Amino acid sequence: MAKSKRHTPAPKAQTQDKPTTLKDLLSSDVLEKLKAQADEAKAAEAHRKEQERLQAEEARKAEQKRRDNDFEYLLNNSSMDWKKHK
């Protein structure tokens, strides 16, 4: 008996298998505008977070300065071990 030859099917084009995406449908200039807008939004969000962090740090420093001038707070939060300060 002779061996039968196996035929391998031709590889299918991969572009037909993939569904059409929005990126394929949009023109390049619209896509660039959207990317630029997304970058601006990220930069604005980073700037906003940095401003919030700075405000919180400034508020913390102001509160600490107020507490340093408050004798009652210092007395209540100081250690009562005066021997180590001799």
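**Salt bridges, surface and confidence in a four-helix chain**

User: What makes the contact between Arg48 and Glu52 a salt bridge?

Analyst: The side chains of Arg48 and Glu52 meet with N and O 2.5 Å apart, and a salt bridge is defined as a side-chain nitrogen of Lys or Arg within 4 Å of a carboxyl oxygen of Asp or Glu, so the pair qualifies. This is a predicted model, in which local features need pLDDT of at least 70 and side-chain atom pairs count only at pLDDT 80 or more, while totals for chains, interfaces and linings use all residues. Residues are numbered from 1 along each chain as its sequence is written, and side-chain values use heavy atoms, with hydrogens and water left out.

User: How do you know that Arg48 also pairs with Glu45, and where do Arg48 and Glu45 lie?

Analyst: The closest N and O atoms of Arg48 and Glu45 are 2.3 Å apart, which the salt-bridge definition accepts. Both residues belong to helix α3, residues 28-68, and stand 3 residues apart, about one turn of the helix; a helix here is a DSSP run of H or I with at least four residues, a strand a run of E with at least two, and both are numbered from the N terminus. Arg48 and Glu52 are likewise in α3, 4 residues apart, again about one turn.

User: Why is Arg48 called partly exposed?

Analyst: The relative accessibility of Arg48 is 38%, and because buried means under 20% and exposed over 50%, with partly exposed in between (1.4 Å probe, protein chains only), that value falls in the middle class. Glu45 at 33% and Glu52 at 44% are partly exposed by the same rule.

User: What separates Glu50 from Arg53, and which network do they join?

Analyst: Glu50 and Arg53 are 3 residues apart in helix α3, about one helical turn, and the closest N and O atoms of their salt bridge are 2.6 Å apart. Glu50, at 34%, is partly exposed, as is Arg53 at 42%. Salt bridges that share partners join Glu50, Arg53, Glu57 and Lys61 into one network. The whole structure holds 7 salt bridges.

User: Why is Met80 called exposed, and which patch includes Met80?

Analyst: Met80 has a relative accessible area of 58%, which is over the 50% limit, so Met80 is exposed. Met80 lies in the segment after α4 (71-77) and forms a nonpolar surface patch with Phe71, Leu75 and Trp82, which together have about 520 Å² of accessible area. Patches are made of residues with over 30% relative accessible area and no salt bridge, joining like charges within 9 Å and nonpolar side chains (Val, Leu, Ile, Met, Phe, Trp, Tyr) within 5 Å. Areas come from the Shrake-Rupley method with a 1.4 Å probe, and for residues only the protein chains shown count as cover.

User: How many of the residues are buried, and which element has the lowest mean pLDDT?

Analyst: Buried residues make up 0% of the 86 in the chain. Helix α1, residues 14-17, has the lowest mean pLDDT among the elements, 59, and α3 the highest, 94, where pLDDT is the predictor's confidence in each residue, from 0 to 100. Where pLDDT is low, the predicted coordinates should not be read in detail.
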